[in-house]
Amino acid sequence: MTRFCPHYPPPVRSRLGLLTLFLRKRHSMLNGLFARSYTMKMGEVRIPGAHAYMVNEPPLVRRVMVSEWAQFPKHEMLAQALRPLLGDSIFTTNGPAWARQRALMDPAFEAARVKRVFGRMWEAAEAMRARLAALPPGQPLDAEVEMTHVAADTILRTIISQPLDSAGARQVFEAFTRYQAIAPRILMPAFFGLRWLRPWWQVRKSRQPAAEIRNLIATLIRPRFEAAQAGQPDAHDDILSALLAQQAFGFDELVDQVAMLFLAGHETSASALAWSLHLLANAPDVQARLAAEADTWLDAVATDPGAMTQLKLSRNVFREALRLFPPVGFFVRTASQTCTMRDKTVKAGASVVVAPWLIHRHRQLWARPDEFDPDRFTRDEPDDAVSAKDSVRQAYLPFGLGPRICIGAAFALQEATLVLAVVARHFQVRPVPGRVPTPVGRLTIRSGDGIWLYVAPR
């Protein structure tokens, strides 16, 4: 198998000054990570006005995310950065507000069970296939744009039973890209203890792209909300229908929750799908195996969603992309009370960071951690003295862990498995020489300048 190691920002070998570190991380959270960050169990960063801990050891990770999760709520800086976009949704709230919303959202999301929405997934994948087939020969494609389109199309068909046209997809992508670029400038002062330096001009600037996206969503759901308020039955079988039936959300709160589902649901999938295609383009033997699998099983999948379980390699390619390029690279929490971790006293108010980016590439937790190897998810024997099964069980958390695990994790895996199988069956993807993507960590981990590929019919 091709031993492809995708490019990522090289670790820093020597300590950086506070100002240099601050400026680097305003551009990307991946910049300024030390080499030892990929080997340590727990790190400590002392900054004037702030105290942060990086937690990599699996038992500590489970403590923060699972067994004592309520004592480590989401950091306030996340809410500050995302509230213009997502309002007070389950992605930004804590405590009783989050518990109430999650209790309402969980049963509503039952509408996204794969057997119920598979037809919509298939329609979105087929629409993607038609767009790719219409590409002019030899014209490079930015996979991030196309994967954003198919992911947004899929999630909109599932939430509100409507497809997303090309103009709408481009509008969402460009607006979210602008928001992504601004968000770290809002986040970083709070993380570095510089709350007094909150960049009000950046906050105001972020409102425009956030408003564009929210207005699109509000326009789409208002007629159905008003019809439900008037007592008219809703004929759709989608997530919005389930939310409206509960009559528990006002319009603004409903926009918050739909915005969260739409943006979190399509952005994370789009990011990992684009990286998946980058990995396949640079591992032609894996791509050939995936095409053979798709040739064997996609016809059966079209009539029986249960056959999706046979698309094992497609699923594992996506899982490996999630490992190498986790869409959310850093989960930032706050210690609500003083506690002890290893030999350190973590005081109340300190930041505690669980970083899938680091844990998924940790030198002691994974064999060949920087290498693209989708077969690691099915390998039984120890690999370089590291058990692949133990690695996956202990050190794999692309969707988070515990009560706050991503509500759409199963949906995303099924959607991505189908999309990759459709691409592999009908097209070959190759890298564009000289266009090596560099991951940039902002709200999600995207490429700094797109993921450019040649796409040709098989």
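What percentage of the 458 residues in the protein do buried residues make up? The answer is 57%, and the close-ups below visit some of those residues, along with a few others. Keep in mind that this is a predicted model.

**Figure 1. The whole protein, before we zoom in.**
Start with the parts list: the protein has 15 helices and 11 strands. Now think about who touches whom. If you take the contacts with a separation of 6 or more, 74% of them are between residues 24 or more positions apart. Buried residues, as we just saw, make up 57% of the 458 residues.

**Figure 2. Helix 11 meets helix 15.**
Two packed helices are described by the angle between their axes and the distance between the axes. Here, helix 11 covers residues 284–303 and helix 15 covers residues 409–426. They pack at an angle of about 115°, and their axes are 8 Å apart. Angles of 65 to 115 degrees count as roughly perpendicular, so that is how helix 11 and helix 15 sit relative to each other. Their crossing is left-handed. On the helix 11 side, look for Leu290, Ala291, Ala294, Asp295, Leu298, Asp299 and Val301. Helix 15 brings Leu418, Leu420, Ala421, Val422, Ala424 and Arg425 to the contact. Sort the residues of this contact by class and you get 10 nonpolar, three charged and no polar ones.

**Figure 3. Helix 9 packs against helix 10.**
In this view, helix 9 runs over residues 239–246 and helix 10 over residues 251–281. The angle between them is about 155°, with the axes 12 Å apart. Anything over 145 degrees counts as roughly antiparallel, so helix 9 is roughly antiparallel to helix 10. This crossing is right-handed. Which residues meet here? From helix 9 come Ile239, Leu240, Leu243 and Leu244, and from helix 10 come Leu254, Val258 and Leu261. The class count for the contact of helix 9 with helix 10 is seven nonpolar, no polar and no charged residues.

**Figure 4. Met105 and its surroundings.**
Met105 is part of helix 4, which spans residues 95–108. Is Met105 buried or exposed? Its relative accessible area is 1%, so Met105 is buried. Skip its neighbours within four places in sequence, and Met105 is in contact with Ile90, Leu243, Phe249, Gln257, Met260, Leu261 and Ile407. You have already met two of these names: Leu243 of helix 9 and Leu261 of helix 10 appear in the contact of Figure 3. Try finding Gln246 as well: it is 141 residues from Met105 along the chain, yet the C-alpha atoms of the two are separated by 9.9 Å.

**Figure 5. Val64 and its surroundings.**
Val64 lies in helix 2, made of residues 58–67. With a relative accessibility of 1%, Val64 counts as buried. Leave aside its neighbours within four places in sequence, and the contacts of Val64 are Trp69, Phe72, Arg333, Met341, Val352 and Val354. There is a long-range pair to spot here too: Val64 and Gly402 are 338 residues apart along the chain, and their C-alpha atoms are separated by 9.1 Å.

**Figure 6. Positive phi at Ser161 and Arg368.**
Ser161 is not a glycine, but it has a positive phi of about 60°. You can find Ser161 in the loop between helix 6 (143–160) and helix 7 (166–191). At 27% relative accessibility, Ser161 counts as partly exposed. Arg368 is not a glycine either, and it has a positive phi of about 45°. Its place is the loop between helix 13 (356–359) and helix 14 (388–395).

**Figure 7. A look at the cysteines.**
A disulfide is a covalent bond between the sulfur atoms of two cysteines. How many disulfides does the count come to? With sulfur atoms needing to be within 2.5 Å for a pair to qualify, the count is zero. Two cysteines are worth a look anyway. Cys5 has 46% relative accessibility, so it counts as partly exposed. Cys339, at 10% relative accessibility, counts as buried.

Conventions: Residues are numbered from 1 along each chain as its sequence is written. This is a predicted model: local features need pLDDT of at least 70, side-chain atom pairs count only at pLDDT 80 or more; totals for chains, interfaces and linings use all residues. Side-chain values use heavy atoms; hydrogens and water are left out. Buried means under 20% relative accessible area, exposed over 50%, partly exposed in between (1.4 Å probe, protein chains only). Axes are lines fitted to C-alpha atoms, for helices over the stretch in contact, and angles run from 0 to 180 degrees between N-to-C directions. Helices (H or I, at least four residues) and strands (E, at least two) are DSSP runs, numbered from the N terminus. Angles under 35 degrees count as roughly parallel, over 145 as roughly antiparallel, 65 to 115 as roughly perpendicular and the rest as oblique. A crossing is left-handed if the near helix is turned anticlockwise from the far one by less than a right angle, and right-handed if clockwise. Contact means heavy atoms within 4.5 Å. Ala, Val, Leu, Ile, Met, Phe, Trp, Tyr, Cys and Pro count as nonpolar, Asp, Glu, Lys and Arg as charged, and the others, Gly among them, as polar.
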